[in-house]
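Student: I should like a close look at a single part of this structure, namely the surroundings of the ligand. Please set out the contacts there in a connected account.

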Amino acid sequence: MARLQSFEALFGRPAAVVTDAPGRVNLIGEHTDYNGGYVLPTAIPQRTRVEAAPRSDGVVAVVTANVGRGTRASFRVGEEARRGAWLDYVQGIVTGFRALGAPLSGFDARIESTVPLGSGLSSSASLLVALARALRAMLAVPVDDVGIARLAHAAEHDFVGAPVGMMDPMAASLADERTALFLDTRTLAFERIPLPTEAELLVVDSRVAHNHASGDYRTRRAECERAAAALGVSALRDVDAAAERRIGALPAPLDRRARHVVTENARVLAAVEALRSGDMDRLGRLFDESHRSMRDDFEVSVPEVDALVASARAQPDVYGARLTGGGFGGSIVALVKRGRAAAVARAVVDAYGRTPGRRARVLVGGPSAS
Ligand code: GLA
């Protein structure tokens, strides 16, 4: 990452507010959020940090170290327009605060992030939530953390145009590293469940980058909507596993898509029970089942990610492993016996690297994780 000058060097005065927000790794509950279902993410150590100070001329000027070499861009408040570039995230948040009637007369912002882009760890939600926190602090707008998540979601969904669900903004706004956020995405009711003491998480990036504004994610979402309509419900959340026969009677591939969502929802509830009772073997089996379901029924995995999961599973200290996030690339999350993540990480990275052109990177839990 290019080193970025300080806020003061960039803008000639100190920042008025400094905020941040984490990336997330989802433990289980994939592609359930836009079906009204359950998810179970936790925060990762990597974060996006925003420094900002108000200006009075109606201009928003932003510098980020993460796109190119200290990219600088600006727009005028009230003239937000989608450009298909990173500035859209900033414009989306500004649009949301303007809709709340916030007294916005422009600002300067410096953005820096350690959350890798395109790895399935929600760099965009961490950016959006950190930005929204900066505007909340700067403008003294009375919006709570769920409100911040809603603003972040609207920015990505409505302004940027990526048809994502509520999991990532809720995780960036409400999750911490010691607990898993058990979230009902329909009601936004949530509970923080302590992470196990006997296991640790390992996150390894396949380095196959995904992009959720692109077609595949959108297609899956549309397929789920068609499956729900065919089953006579407003969202697949309302179908339970007992409806197996009706799901099986849907035309392909809607049958497989619905089966993934319905069984994955049930797996989140089972995973919460396993976490509560400290049953790591059961939690691990649920990770494995979730991966198979995403690979075979939802068809969002890729060979590189399957290879990472398989080599993690081949390690004796691994309870379970799965693709995490939206898929079509990205990272795996493995549940590993405490104290063994670094050794497992080395084995997984080595095995992956034996295929020419593949080079994995450890993001959480391993020797080279930042
Ligand atoms: C992406 C989206 C989320 C969710 C996951 C899949 O991360 O941003 O809303 O749908 O994919 O679980």
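Tutor: The account below concerns the ligand and its surroundings, followed by a short note on aromatic pairs. The model is predicted, with local features requiring pLDDT of at least 70 and side-chain atom pairs pLDDT 80 or more, while totals for chains, interfaces and linings use all residues. Residues are numbered from 1 along each chain as its sequence is written, and side-chain values use heavy atoms, with hydrogens and water left out.

The ligand has 13 residues around it, of which Glu30, His31, Asp33, Asp168 and Tyr217 come nearest; a residue is near if one of its heavy atoms lies within 4 Å. A polar side-chain atom of Asp168 is 2.7 Å from an oxygen atom of the ligand, and a side-chain N or O atom of Tyr217 lies 2.6 Å from an oxygen atom of the ligand. Gly326 approaches through its backbone, with an N or O atom 3.4 Å from a ligand oxygen atom. On its own the ligand has 310 Å² of accessible area, and the protein covers 97% of this (Shrake-Rupley method, 1.4 Å probe).

As for the aromatic residues, the structure holds three aromatic pairs (ring centres within 6.5 Å; planes under 30 degrees apart are stacked, over 60 edge-to-face, the rest tilted; for Trp the six-membered ring is used). One of them is formed by Phe7 and Phe11, a tilted pair at 4.7 Å centre to centre and 45 degrees between the planes. Both Phe7 and Phe11 are buried (under 20% relative accessible area, 1.4 Å probe, protein chains only).

Conventions: Buried < 20%, exposed > 50% of the residue type's maximum accessible area, 1.4 Å probe, protein only. Polar contact = N/O pair within 3.5 Å; in protein donor to acceptor, adjacent residues only side chain to side chain.
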